[in-house]
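Student: I've got a structure open and I'd like to learn how to read its strands. Can you walk me through it?

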Amino acid sequence: SMISASSTRSTGAGQQHPSKRFGHNAVLSNNFLFVFGGFKNGTFDACCGYDWVVCGAPNNLVPIFPSSGCGFLHDMWSADTLKYEPFQTLISLNKHATQSSTLGTGVAALAVDGNTSGYYSDTWANSVTLTNSDDEAWWQVDLGQSYIIRNMTIYNRLDAFSERLQNFYVLFATVPFQSDWLRDILIDPLVFKTHVMYVQDLQSLDLDITARYVRIQLAGTNYLSLAEVQIWGHPLVQAWQSMEGMKKWTQVLPNSDIYPYGRFAATLTMYNEHTALLFGGMVKETPYFLDDTWTCTLPDVNQTTQQVAWSRLSMKKQQPQNTFPVGRYGHAAAFSPVCSLGYDIELGVLDGTIVLNRVTGSVPGYVYPGNPQQTPWCRGQIIIHGGRTSANRDTTDIAYPSGFLPDMWIYNVSSETISQVNFSRSSGFPSARAHHAIVLHKDWLILYGGTSDSCPGSTCGDLWMYNVSGPNSCPNDCNGHGTCEWGFCICDAGFKAVDCSELSCPQAQCSFSYSDHWLTCLECHNHGLCNTSGFCLCNQGWGGESCQLISCPGNCSGHGTCKLGGTCDCDPNFGGPDCFVAFCPNNCTTWSDGYDSGAQGECVITRNPPCCGNEPDCVQTSKSPSPCISRNPNYIPPHQVSATCVCSDTYTGIDCSQTIADVIISQQLAKGVQKSAGCFASHSEVYTVEAEGLRIRKISELQVGDTILTMNDAGKLDSTRVIFLHDHPDQVETNKISFLSSEGLVSTLELTDWHAVSSEVTCTGRNNCGIRLMYGHEMKRGHGIVRRNGDSFDTARVISIERGLSRVRYIVTGNDRLVVNQVLSLPHTSESAHTSSRRWGSCTALLLLALKAFPSASCFGCLPPCSRILPQERASRRFSNRQLCEQQKCCSITWLGCCRHGNREVSLDQN
């Protein structure tokens with residue numbers, strides 16, 4: 001058995017009793033007394049319940065049951081406090097009896113003579129009383145002194161006339177009755193009355209009243225006969241009375257292996273009809289001073305099996321204190337059913353003198369300054385005060401120096417929440433102590449005595465009172481920023497902490513749980529911490545006074561969008577975690593030849609005001625006027641930023657992707673310069689007109705000034721002069737067209753998408769021929785194209801078309817009808833597929849030339865050599881390029897376009 005035999009003893013007839021002990025606990029439940037734990041004589045080594053090292057168990061997870069020799073007890077016993085049978089006696093026997101009248105031998109004393117015979121005899125052997133037929137006939141007995149009456153049995157007459165004993169009253173009083181009439185007695189507040197309608201043989205009444213005089217009185221007119229009246233009870237308890245050997249004890253066993261081990265000087269406090277709270281205590285092994293909490297559900301009176309259900313309780317810690325009472329023993333605990341509003345207010349609500357709001361159920365404001373709701377959840381509060389724990393040498397510890405504790409805690413039964421009462425220490429308060437007593441009366445805690453090193457002789461005899469509930473029981477009176485309920489502050493908006501002394505952060509959403517006495521605040525939108533000064537310390541990625549805004553470093557410097565999580569989505573040409581770093585468009589157009597790489601310009605970042613010239617938290621760039629220090633991540637630049645490409649050599653445009661000639665020629669073409677320009681595959685062939693006749697030459701071999709074969713407006717062979725040539729640096733997409741002549745010869749021609757060839761020649765008369773144009777991207781297999789055949793033209797058929805990449809050369813001539821690879825080709829787009837009218841178009845991404853910008857054609861030779869210089873060579877050839885330009889007697893604008901980085905003293909004014 002888990003309950004050791006040594007904790008019980010026998011007293012006659014096998015009656016079991018609890019063993020002798022001290023430091024135990026006792027509670028009442030439904031008039032049953034329950035005794036738990038305590039300490040008896042025992043040995044330290046024999047306990048073996050808490051310290052697994054002492055017990056020799058392999059680990060502390062194995063359940064260990066205390067041995068029978070353990071001095072710290074965990075047994076429980078119960079006794080029915082209402083079973084006073086050994087003390088109840090027949091207190092009415094032979095006592096002085098009287099009645100309203102006597103008929104025959106039926107005197108009043110016969111009802112208390114001990115004879116219950118119900119047969120009347122008009123002889124002296126008679127044992128039944130009898131009165132005349134009186135109006136409201138009565139019989140009564142004087143017990144001689146006041147007794148506690150537990151039972152009364154009335155025996156009726158049985159031989160005849162038993163129906164006469166009906167519709168009567170049984171009356172009890174501690175002083176003589178003041179009248180013989182019921183109309184007077186029934187309104188006497190000092191008389192206890194009970195009505196009986198009919199008695200057949202006998203009537204038994206279970207009572208619990210104090211009385212000396214007992215009367216039976218009819219409610220009408222009739223004879224009154226009584227065979228016997230037995231009244232059982234016992235004298236009033238005037239002083240201490242020994243119960244030894246007179247009580248029946250029952251051992252109450254735990255209903256499982258889960259139960260608290262033995263302890264000394266714990267507290268066991270009832271908080272409802274069947275449930276008690278056990279806290280703390282001491283044992284002579286580690287951990288010595290216990291802080292565990294248990295609830296026990298005591299058995300009901302009607303249960304046949306007496307068992308107690310123990311449950312380990314994990315009390316919640318009230319925020320924001322987040323503390324828990326230290327292990328202790330010798331503390332005091334008391335329970336009160338009073339809840340938030342205080343005793344007087346709650347009593348007023350119950351008796352109707354205070355009327356709750358019908359809608360909200362709250363107390364009127366003139367009664368209570370807050371707006372609390374009626375609290376049906378409330379199951380009361382348990383106050384825990386003081387006790388003793390291990391001595392501590394830390395002067396800041398609450399138990400310094402002797403281990404006595406002065407603290408007070410409140411356990412809310414409904415919410416299972418433990419919280420410390422922060423009473424003011426500026427005025428007098430009880431010294432730290434143990435083994436004292438406390439009780440709760442209305443809103444007040446009353447404390448007396450105990451042992452303490454602060455009391456004379458270590459024994460205290462002082463009496464204290466403390467307001468623990470109601471409107472005036474809060475620490476520091478809530479500092480004027482809240483409403484007080486049951487020792488806890490319900491803070492006003494903008495304040496928090498147990499005494500409403502701290503500021504809450506902006507836009508905080510706080511709510512108070514009446515059941516938990518728990519202030520819950522949603523502060524800083526859960527994106528940061530609120531300090532005691534009421535300021536939010538935001539997490540990364542959040543900002544604003546209440547961390548309600550998504551925040552990025554430097555607010556993305558004004559050049560990006562702040563995304564959730566605090567990351568910047570930077571605008572084009574800006575980068576870095578805060579979009580502070582600026583980039584030039586297209587990185588000023590990079591290039592690579594497979595061995596080296598670079599850009600066609602230099603990226604220059606300008607900040608206005610200049611970086612670090614006026615503000616300290618800037619980031620250094622190559623153009624910074626002075627060294628910069630590290631920039632604060634939250635710094636928002638107070639300046640504007642621009643990133644500009646300074647193009648090298650002949651390049652221009654916002655990203656240096658164009659050349660100066662591109663721009664100039666585009667402008668000139670827009671003005672309608674009447675010249676022909678176009679681009680062809682460099683390896684294509686044309687006819688040059690030379691002194692010795694026609695000569696076939698590749699386009700890549702042409703030079704400015706050469707004369708090439710064309711067709712005039714009359715459709716006859718003619719010639720034109722090459723004005724300008726330029727080789728494009730990159731390959732261009734082309735259409736490689738293979739065609740079959742009438743002689744069966746296969747030739748090829750490469751066309752860009754938007755240059756055309758003559759697909760056929762239509763003549764309406766002599767010297768009046770028209771050309772149908774077809775763009776390169778329109779050509780298909782089977783199409784016919786115009787081809788030179790001697791001094792005239794015929795048609796050849798396309799047999800295949802392939803897409804490809806080729807180097808192309810840009811040509812400017814005086815005529816737009818060139819004969820390329822024997823095919824009549826137009827280097828530019830036409831306005832219509834059915835007309836030869838010319839439209840100035842662009843050769844995709846190729847160099848153009850503005851003829852009107854130059855005074856003579858002799859300058860055209862300067863620009864192409866300069867453009868063909870690779871970027872990595874330009875730095876070393878700047879002056880040679882200038883010399884080359886001067887040797888060819890280029891005009892100044894061409895020389896500037898080629899070599900403007902070569903000599904800094906040349907300015908635009910010199911152009």
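Student: How many residues sit between β53 and β54 in their hairpin?

Tutor: This is a predicted model, so keep that in mind as we go. The hairpin made by β53 and β54 has 5 residues between the two strands. In that turn, Gly 744 has a positive phi of about 90°.

Student: And how many bridges join strand β53 to strand β54?

Tutor: There are 6 bridges, and the two strands, residues 732-740 and residues 746-751, run antiparallel. For one pair to look at, find Ser 738: its bridge partner in β54 is Thr 748.

Student: Let's try a sheet. In what order do β25, β26 and β27 come?

Tutor: A general idea to start: side chains in a regular strand alternate between the two faces of the sheet. Here, 3 strands form an open sheet in the order β25-β26-β27, with antiparallel pairing. β25 (437-441) and β27 (459-467) are the edge strands, each pairing on one side only. On average, neighbouring strands of this sheet are turned by 10° against each other, ignoring direction. Between β25 and β26 (residues 444-451) there are 5 bridges, and Ile 438 stands opposite Leu 447 in β26.

Student: One last residue: is Gly 37 buried or exposed?

Tutor: Buried means under 20% relative accessible area. Gly 37 counts as buried because its relative accessible area is 1%. You'll find Gly 37 in strand β4 (residues 32-39). Beyond its neighbours within four places in sequence, Gly 37 is in contact with several residues, including Arg 21, Leu 73 and Arg 263. Its C-alpha is also 6.5 Å from that of Asn 25, 12 residues apart along the chain.

Note on methods:
Residues numbered from 1 in each chain as written. Predicted model: local features only at pLDDT ≥ 70, side-chain atom pairs only at ≥ 80, totals over all residues. Heavy atoms only, no water. Pairing = 2+ DSSP bridges. Helix = DSSP H or I, 4+ residues; strand = E, 2+ residues; numbered from the N terminus. Axes fitted to C-alpha atoms, helices over the stretch in contact; angles between N-to-C directions. Buried < 20%, exposed > 50% of the residue type's maximum accessible area, 1.4 Å probe, protein only. Contact = heavy atoms within 4.5 Å.
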